[in-house]
Amino acid sequence: GTLTPQGNVTALTDFNQMGVLTGTANFDEGPQNGNIPPNLNAAQGLTWLTGNFAGLLPGIVSTGNATNPTYQADPQYFPQPIKNGGVQVQQYIYFGGVAKFDTDITQVGLTAGRNGNQFLTAWDKAGKLIGQVNWVPANDASFIGLDTKGVPIGMVAYGNDDMWNGANYSVGGSTIMADTWVWSKGPCLNDAACDDKD
């Protein structure tokens with residue numbers, strides 16, 4: 001498949017491009033179906049969101065409706081071997097996913113499935129659209145991700161809708177399948193950001 005960046009982001013085409021991970025969601029803790037708890041990954045700085053986009057992040061003008069993602073366990077959507085460091089075992093996340101961060105994350109990645117035209121879109125903490133990456137699979141699965149070049153991410157959405165070009169987010173398409181979400185503060189870009197206070 002191909003991964004194309006749009007807006008002010010860099011496409012991450014391999015897991016090894018991620019900085020030191022702040023969090024990981026592999027979804028293997030859950031049942032084979034049922035809703036993913038909104039606070040499942042809150043201790044790692046990520047909260048899963050539901051509801052109208054207008055109420056999800058202050059200042060956001062993008063439109064759509066986030067639905068509670070669910071667990072699924074059908075491996076046909078992730079043909080092995082998965083490319084570029086992607087990982088899929090046991091359960092995965094189904095019906096997309098919209099999440100916010102309460103730490104200064106600048107990189108987000110995931111293992112994208114083989115079905116459909118997919119978009120990982122990011123907004124800053126003021127609700128401004130930063131950019132997205134577009135995964136077009138060729139009957140394959142792969143790690144995909146984006147780097148916002150030092151801009152802290154307020155919210156990300158994963159789905160079939162081209163939000164950079166004004167599409168409304170929904171889970172009307174049933175091809176929104178992913179696994180092993182990862183997030184990172186990214187590489188430090190200057191001395192102050194690299195100082196770990198040790």
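Biologist: Let's start inside the protein. Which residues does Met155 touch, not counting residues up to four places away in sequence?

Modeller: First, a word on what we are looking at: this is a predicted model, where local features need pLDDT of at least 70, side-chain atom pairs count only at pLDDT 80 or more, and totals for chains, interfaces and linings use all residues. Residues are numbered from 1 along each chain as its sequence is written, and side-chain values use heavy atoms, with hydrogens and water left out. Contact means heavy atoms within 4.5 Å. With residues up to four places away in sequence not counted, Met155 touches Leu49, Phe53, Leu56, Leu57, Ile60, Val98, Ala99, Lys100, Thr121, Ala122 and Trp123.

Biologist: Which element gives the most to the largest nonpolar core?

Modeller: A nonpolar core is a set of buried Ala, Val, Leu, Ile, Met, Phe, Trp, Tyr and Cys residues joined through side-chain atoms within 4.5 Å, where buried means under 20% relative accessible area, exposed over 50% and partly exposed in between (1.4 Å probe, protein chains only). The largest one has 43 residues, and Met155 is among those with the most contacts inside it, as are Trp48, Phe53 and Trp181. The elements giving it two or more residues are β4, β9, β10, β11, β12, β13, β14 and β15; these are strands, meaning DSSP runs numbered from the N terminus (E, at least two residues, while helices are H or I, at least four). With five residues, the element that gives the most is β14.

Biologist: And which residues does the second, separate core include?

Modeller: It helps to recall that in soluble globular proteins, nonpolar side chains tend to be buried together. The second core here has seven residues, and among them are Tyr77, Ile82, Ala141 and Met177.

Biologist: Let's turn to strand β11. How many of the residues of β11 are buried?

Modeller: In a regular strand the side chains alternate between the two faces of the sheet. In β11, Gln118, Leu120, Ala122 and Asp124 point one way and Phe119, Thr121 and Trp123 the other, all of them buried. That strand is therefore largely enclosed by the rest of the structure, the buried count being seven of the seven.

Biologist: Which residue in β12 is the bridge partner of Leu120?

Modeller: Two strands pair if DSSP finds at least two bridges between them. β11 and β12 pair in the antiparallel sense over six bridges, and they form a hairpin with four residues between them, where Gly127 in the turn has a positive phi of about 85°. Across from Leu120 in β12, the bridge partner is Val133.

Biologist: Which strands are the edge strands of the open sheet?

Modeller: β11 also pairs with β14, in the antiparallel sense over six bridges, and Asp124 stands opposite Ile153 there. The open sheet has six strands in the order β1-β12-β11-β14-β9-β4, with antiparallel pairing. Pairing on one side only, the edge strands are β1 and β4.

Biologist: What contact does the side chain of Asn41 make, and at what distance?

Modeller: Asn41 lies in the loop between β3 and β4, and it is buried, with a relative accessible area of 5%. A polar contact is a pair of N or O atoms within 3.5 Å; within protein, one must be able to donate a hydrogen and the other to accept it, and residues adjacent in sequence count only if both atoms are side-chain atoms. The side chain of Asn41 makes such a contact with the side chain of Trp48, at 2.9 Å.

Biologist: Which residue joins Ser62 in a polar contact between side chains?

Modeller: Ser62 is found in the loop between β5 and β6 and counts as buried, at 17% relative accessibility. The contact spans 2.9 Å, and the residue whose side chain joins that of Ser62 is Trp123.

Biologist: How many residues apart in sequence are the parts that Lys83 and Asp140 tie together?

Modeller: A salt bridge is a side-chain nitrogen of Lys or Arg within 4 Å of a carboxyl oxygen of Asp or Glu. Lys83 is partly exposed at 38% relative accessible area, whereas Asp140 is buried at 6%. Their closest N and O atoms are 3.8 Å apart, so to speak the two ends of a salt bridge. Lys83 lies in the loop between β7 and β8 and Asp140 in the loop between β12 and β13, so the parts they tie together are apart in sequence by 57 residues.
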